[in-house]
Amino acid sequence: MCVAGVLGTGSALPEKIITNADLEKMVETSDQWITDRTGIKERRQAGPHETTSTLSVQASVKALKKAGIKATELDLIICSTISPDMPLPSTASLIQRDLGARGCCAFDLAAACSGFLFGMTVAEQFIRTGAAQKVLVIGAELLSRYLDYKDRTTCVIFGDGVAAAVFGPVEPPSGILAHELHTEGQYAEHLFIPAGGTAMPPSCESIAKGAHFIKMRGNELFKVAVRSLEEVSLHVLKKAGVTPHDINLFIPHQANQRITEAVRERLGVPADRVYSNISRVGNTSSASIPICLDECVQAGRLKKGDLVLMSAFGAGVTWGAVLMRW
Ligand SMILES: CC(C)(COP(=O)(O)OP(=O)(O)OC[C@H]1O[C@@H](n2cnc3c(N)ncnc32)[C@H](O)[C@@H]1OP(=O)(O)O)[C@@H](O)C(=O)NCCC(=O)NCCS
């Protein structure tokens, strides 16, 4: 059995920045409220010619270069997204085409903010069983396309971004040590987009009602997020026989700085071992963890042998954690 690990990472953020001051001009909010309640100062917004797949290709090219492999060497592409270019075909198919990764299998995976960890876990199983050698996992979201810039409860939170990582067999003790994923559908309507699918196909009426925009019950999600992130993090640490004190780097999904802080405190991880970029990029859903990972790699924050814990929570609701030795 092979152990799967990261061979290379890459990310791509749109150039356009939306600051809290910009949002103050659009909705009844303030820089003070957004900063105090979320930790966010600015987020990115894709331009009209950028799509989930075009930014994914940019991030993937960087990740492939870092991994030192060609697109044609990929066995599998998994694109985690809830903001695909179009309902059909999968965004992964468009990425495969534009990367020139002919011959490999490619599919999308929808687990919202937990999606990259779901994708990593799928990649790990393919690699461990020998079914695939090189797997590209992408977390890609252009949630600005689903935001109502008149709804202050959502438009201040989310931002656009993409990141990718190439996974392949690595030599122990490096690699993915443990993972755990969960879904609890009873909370499906805590965070959802009512229209645009088969339940409510797009119509003049659905658009007039704004049913194609993200709806969120932030308060309810907050409580579930803190509880489940703590629990799932402890489970994966236990599975690997380590404790929170052993973690060198904790990368939580960037949903809200207060959620990060609450989980960090409950786990007892020192603040200097927790990565946060939420002030600069906001909540980029499934792109959040891989963007953080790529920034940590670029900043030289990861040394060989470091223990990295990643935990995420999102719509579905879904949550999960992955523990990896760098
Ligand atoms: C969304 C979130 C930031 C809201 O913060 P909160 O402290 O829970 O705030 P509340 O929803 O209780 O709202 C408090 C007040 O602020 C107001 N408010 C909400 N958004 C506001 C904004 N952008 N600016 C100013 N006021 C705002 C509310 O209307 C409410 O006013 P009221 O007391 O007069 O009714 C927070 O609940 C959160 O982050 N939840 C988790 C969301 C999440 O993680 N989603 C993604 C999952 S991946």
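**Figure 1. Four strands side by side: an open sheet with the order β8-β13-β12-β11.** In this predicted model, the four strands of the sheet show mixed pairing. Look for the edges: β8 (175–183) and β11 (249–252) each have a single partner strand, so one side of each is left without a neighbour in the sheet. From one strand to its neighbour, the turn is 10° on average, direction ignored.

**Figure 2. A closer look at β11 and its partner β12.** Strand β12 covers residues 307–314, and its pairing with β11 is parallel, over 4 bridges. To find your way along this pair, start at Leu 249, which stands opposite Val 308 in β12.

**Figure 3. Two helices, α5 and α8, pack on the four-stranded sheet.** Helix α5 is made of residues 115–128 and touches β8, β12 and β13 (318–325). The direction of α5 makes about 125° with that of β8. Helix α8, residues 218–240, also packs on the sheet, touching β8, β12 and β13. For α8, the angle with the direction of β8 is about 145°.

**Figure 4. The ligand and the residues that surround it.** How many residues surround the ligand? There are 23, and the closest are Thr 29, Arg 37, Arg 152, Gly 218 and Asn 256. Three of these names are worth a stop on your tour. Thr 29 places a polar side-chain atom 2.6 Å from a nitrogen atom of the ligand. In the side chain of Arg 152, an N or O atom is 2.9 Å from an oxygen atom of the ligand. Asn 256 likewise has a side-chain N or O atom 2.7 Å from an oxygen atom of the ligand. Taken alone, the ligand exposes 950 Å², and the protein buries 73% of that.

**Figure 5. An open sheet of 5 strands, in the order β1-β7-β6-β4-β5.** Here, too, the pairing is mixed. The edge strands are β1 (3–12) and β5, each of which pairs on one side only. Between one strand and the next, the twist averages 20°. Strands β1 and β7 run antiparallel and are joined by 9 bridges. Within that pair, Val 6 has Phe 167 in β7 as its bridge partner. Helix α11 (residues 288–298) lies across β1, β6 (135–141) and β7, running at about 90° to β1.

**Figure 6. Backbone details in three loops, at Pro 173, Val 317 and Ala 112.** Is the peptide bond from Pro 172 to Pro 173 cis or trans? This bond is cis, with omega near 10°, and Pro 173 sits in the loop between β7 (161–170) and β8. Another cis peptide bond joins Gly 316 and Val 317, with omega about -10°. Val 317 belongs to the loop between β12 and β13. Ala 112 is not a glycine, yet its phi is positive, at about 50°. You will find Ala 112 in the loop between β5 (105–109) and α5.

**Figure 7. Stepping back to the protein chain, with its 11 helices and 13 strands.** The radius of gyration of the chain is 19 Å, close to the 20 Å that the globule rule gives for 326 residues, so the chain is as compact as a globular protein of that length. Along its principal axes, the C-alpha trace spans about 55 × 45 × 35 Å.

Technical notes. Residues are numbered from 1 along each chain as its sequence is written. This is a predicted model: local features need pLDDT of at least 70, side-chain atom pairs count only at pLDDT 80 or more; totals for chains, interfaces and linings use all residues. Side-chain values use heavy atoms; hydrogens and water are left out. Two strands pair if DSSP finds at least two bridges between them. Axes are lines fitted to C-alpha atoms, for helices over the stretch in contact, and angles run from 0 to 180 degrees between N-to-C directions. Contact means heavy atoms within 4.5 Å. A residue is near a molecule or strand if one of its heavy atoms lies within 4 Å of it. A polar contact is a pair of N or O atoms within 3.5 Å; within protein, one must be able to donate a hydrogen and the other to accept it, and residues adjacent in sequence count only if both atoms are side-chain atoms. Accessible areas come from the Shrake-Rupley method with a 1.4 Å probe; for residues, only the protein chains shown count as cover. The radius of gyration is taken over C-alpha atoms; the globule rule is 2.2 Å times the number of residues to the power 0.38.
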